[in-house]
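Morning, everyone. Please have a look at the structure on the screen before I start.

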Amino acid sequence: MSSLDHDQHLHPSCRDKTTVTSDSSDAHELAKQPLQGLKLASHAVLEEAQQKGRLKCSKCGGSRMFFCYTCCSLVGVTPQDIPLIKLPVKIDIIKHPNETDGKSTAIHAKILAPSDVNIYTYPCIPDYEKEKVVLVFPGPGAVSVQDMMQCLHHQSDSKSSYTFDEPRIKRLKSEEVQDATYTAENPESGTPDGAKGLESRVFPLQKVVFIDSTWNQTNKISTDERLQDLLQVELKMRKTCFWRHQKGKPDTYLATIEAIYYFLKDFHEHCLAQEYNGEYDNILFFYSYLHSVVSKAKTSAQKC
């Protein structure tokens, strides 16, 4: 259990620092500071870029800070300045056409994990094989991350039992080579034997789909027939730290980048069966910094 989750048991909002003392006033102050206790790269580069102010995107000419949400490119910082993350599974984000680019957190994932994340604007949706793809979205038939792999295996086995063009063992081997997220060449997988072990745990999962929109707009995408046959996965209840709270919605409605983070953490613990040590905390690199900037601005405004 990460320190972020541990803190949530102490207070109904996500928090960040692990330096909790027995002093009740300190604990109360800490409860107001979400997203501490994460293993993040230094924000010094973002602080320097913020001091320089907005710059023009070299591709579209738009005035941007840190990155261009239109072009999915960095502005005022270089790729060497920010953490690049290798994810254990590929991610597709289906973005509602009316979702404001500048307010969406989906772009954070694309910039920080460019080789593993793709963003599509609805109605553009790729063709998915339902036995290899899941949709992270709540619903009456949704399963937990912990039960997800078992359900996928059941679907895959059911489909295979009706295929007679080649032996089951041979077909399984070829599918693993083609679809597994980890390969022996992946330096983050460790040894070749370790890579094979991870392949067996990830198989048959090929991709995870998230919907990026306001909650009032999600129905149009979630009910699209191209997503209807996908296994739905529901995250266990977490509290959002997003500063753009949606009016009339509970604080358990997560921002897209929060949902991605919590899925990856649960996947690491329950599907890869490994202790979580902050491997994907940097997916919140931009999000956590922007949160701190907004919080400071609110505090300053209240003092005036």
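I will go through a sheet, a helix and some salt bridges. One thing up front: this is a predicted model.

Let's start with the sheet. It is open and has 5 strands. Their order is S6-S5-S8-S7-S9, and the pairing is parallel. Which strands stand at the edges? They are S6, residues 117–121, and S9, residues 231–233. Each has a single partner strand, so one side of each is left without a neighbour in the sheet. Neighbouring strands are also turned against each other, by 30° on average, with direction ignored.

Now zoom in on one pair. Strand S7 covers residues 133–136, and strand S8 covers 207–212. These two pair in the parallel sense over 4 bridges. Find Leu135 on your screen. Its bridge partner in S8 is Val209.

Next, the helix. H10 runs from residue 256 to 271. Which strands does H10 lie across? Strand S5, residues 90–95, plus S7, S8 and S9. Against S8, the helix runs at about 155°.

On to the salt bridges. How many does the structure hold? There are 8. I will show you three of them.

First up, Asp116 with Lys86. The closest N and O atoms are 3.2 Å apart. This pair links distant parts of the chain, 30 residues apart. Asp116 sits in the loop between helix H4 and S6. Lys86 sits in the loop between strand S4 and S5. Are these two buried or exposed? Asp116 has a relative accessible area of 1%, so it counts as buried. Lys86 is at 24%, so it counts as partly exposed. Lys90 joins in too: Lys86, Lys90 and Asp116 are linked in a network of salt bridges.

Next, Asp101 and Lys95. Their side chains meet in a salt bridge at 2.8 Å, N to O. Here Lys95 is the buried partner, at 9% relative accessibility. Asp101, at 30%, is partly exposed.

Last pair: Arg238 with Asp266. The closest N and O atoms are 3.1 Å apart. Why does this one tie together separate parts? Because Arg238 lies in the loop between S9 and H10, while Asp266 lies in helix H10, 28 residues apart in sequence. And both residues are buried.

So, to recap. We have an open sheet of 5 strands with parallel pairing. Helix H10 lies across S5, S7, S8 and S9. And the salt bridge between Arg238 and Asp266 involves that helix, since Asp266 is in H10. Thanks, that's me done.

How values were computed
Residues are numbered from 1 along each chain as its sequence is written. This is a predicted model: local features need pLDDT of at least 70, side-chain atom pairs count only at pLDDT 80 or more; totals for chains, interfaces and linings use all residues. Side-chain values use heavy atoms; hydrogens and water are left out. Two strands pair if DSSP finds at least two bridges between them. Axes are lines fitted to C-alpha atoms, for helices over the stretch in contact, and angles run from 0 to 180 degrees between N-to-C directions. Contact means heavy atoms within 4.5 Å. A salt bridge is a side-chain nitrogen of Lys or Arg within 4 Å of a carboxyl oxygen of Asp or Glu. Buried means under 20% relative accessible area, exposed over 50%, partly exposed in between (1.4 Å probe, protein chains only).
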